[in-house]
Amino acid sequence: MNRRDFALLGAAAALPGLAEDTAIRKKLKIVVVGAHPDDPECGCGGVIARYTDAGHSVSVVYFTRGEAGIHGKSHAEAGAIRTAETERACKILGARAVFAGQIDGATELNKARYAEFDTLLASEAPDVVFAHWPLDTHADHCAASLAAYRAWQAMRRKPTLYFFEVMTNSGRQTQQFTPSIFMDITAVAARKREAIYAHASQNPDSYYPAHEQLARSRGMEIRCQYAEAFAPAWQDARFL
Ligand SMILES: [Zn+2]
């Protein structure tokens, strides 16, 4: 069994740039694509912190600014509040926020929108991309995932692509998810929590516990306290 075969078993796999033997060899550019402010933090806030702690560069691309996410506020007001929260969350994680210009609850996928996102992702020149898993109860999550996947397909020098999972307080949003890579985030779990709580307008008390429980159950799969789980896109196995 070669190294790649071994990685495919799951527990032995590590994300590029986070294995002990590769952490300091090359500075990687990581891009995380989420639909709304707080999705990337929930799905892979721990791994973002691990990457920035290891000296890698992380940009978080928010498909929307969460314009529809504060009851009683206009889109402009909510977008401004949530943009500020997002900037705080990214600062906590050592990442940079990028906004893709779509509208919360009204995301669109068409030829022009795909082309727009292709350009944005290519301009970031990522080595590694994380995105929502494409099957999800929220249409914006599906749209962000497919835009990321399409942009990844269009890139000549393809980054390694992984999908992450998200929940709400009422249950799982990501559907039919089959992760095979689990990353220990125990050491950075407090920062992940802090980044999620930067989104104060979203009442994090209502959904953080679900993510903590998820991280705990993912941790049980690799015998650590907290973990995040990922499904790799298989077309490019350079790092597996
Ligand atoms: Zn969302």
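Modeller: A nonpolar core is a set of buried Ala, Val, Leu, Ile, Met, Phe, Trp, Tyr and Cys residues joined through side-chain atoms within 4.5 Å. Keep in mind that this is a predicted model.

Biologist: Fine. Which residues have the most contacts inside the largest nonpolar core?

Modeller: Leu15, Val32, Val47, Tyr51, Phe130 and Phe230, in a core of 38 residues. Helix H2 (residues 39–53) gives the most to this core, namely six residues. There's also a second, separate core of 25 residues, which includes Val33, Ala131, Ala151 and Ala231.

Biologist: What is Val32 in contact with, leaving aside neighbours within four places in sequence?

Modeller: Pro40, Cys44, Ile48, Val58, Ser59, Val60, Val61, Phe130 and Phe164. Contact here means heavy atoms within 4.5 Å.

Biologist: What makes strand E1 "mostly covered"?

Modeller: Just the count: E1 spans residues 29–34, and six of its six residues are buried. Lys29, Val31 and Val33 point one way, Ile30, Val32 and Gly34 point the other way, and all are buried.

Biologist: A lysine in that list? Why is Lys29 called buried?

Modeller: Buried means under 20% relative accessible area. Lys29 comes out at 17%, so it counts as buried. Not counting residues up to four places away in sequence, Lys29 touches Ser57, Ser59, Arg96, Glu124, Ala125, Pro126, Asp127 and Val128.

Biologist: How do you know that E1 and E2 pair?

Modeller: Two strands pair if there are at least two bridges between them. E1 and E2 (residues 57–64) have six, in the parallel sense. Val32, for one, stands opposite Val60 in E2. Add the helix, and E1, H2 and E2 make a right-handed β-α-β unit.

Biologist: Which strand does E1 join through four bridges?

Modeller: E4 (residues 128–132), and these two also run parallel. Val31 has Val129 as its bridge partner in E4, while Ile30 has Val128.

Biologist: Why is E4 described as largely enclosed by the rest of the structure?

Modeller: Because five of its five residues are buried. E4 also pairs with E5 (residues 160–164), in the parallel sense, over five bridges. In that pairing, Val128 stands opposite Thr160. With helix H5 in the picture, E4, H5 and E5 make a right-handed β-α-β unit.

Biologist: On to the metal. What are the protein donors of the zinc ion?

Modeller: His36 through ND1, Asp39 through OD, listed twice, and His141 through NE2, lying 2.1 to 2.5 Å from the zinc. The cut-off for a donor is 2.8 Å from the metal, so those atoms qualify. Along the chain the spacing reads H-x2-D-x101-H.

Biologist: What do Asp39 and His141 tie together?

Modeller: Asp39 lies in helix H2 and His141 in helix H5 (residues 139–154), so the pair ties together parts that are 102 residues apart in sequence.

Biologist: And why is the zinc site called irregular?

Modeller: For four donors to count as tetrahedral, all angles must lie between 85 and 135 degrees. The angles here are 54 to 137°, so the tetrahedral label fails. The site is irregular. One caution: water is not among the atoms, so sites may look incomplete.

Biologist: Are the two helix donors buried or exposed?

Modeller: Buried, going by that same limit of under 20%. Asp39 has a relative accessible area of 6%, and His141 sits at 1%.

Technical notes. Residues are numbered from 1 along each chain as its sequence is written. This is a predicted model: local features need pLDDT of at least 70, side-chain atom pairs count only at pLDDT 80 or more; totals for chains, interfaces and linings use all residues. Side-chain values use heavy atoms; hydrogens and water are left out. Buried means under 20% relative accessible area, exposed over 50%, partly exposed in between (1.4 Å probe, protein chains only). Donors are N, O and S atoms within 2.8 Å of the metal (3.2 Å for Na, K and Ca); water is not among the atoms, so sites may look incomplete. Four donors count as tetrahedral if all angles lie between 85 and 135 degrees; four count as square planar and six as octahedral if opposite donors are over 155 degrees apart and all others between 65 and 115; anything else is irregular. A crossover is right-handed if, with the strands pointing away from the viewer, the path from the first strand over the helix to the second runs clockwise.
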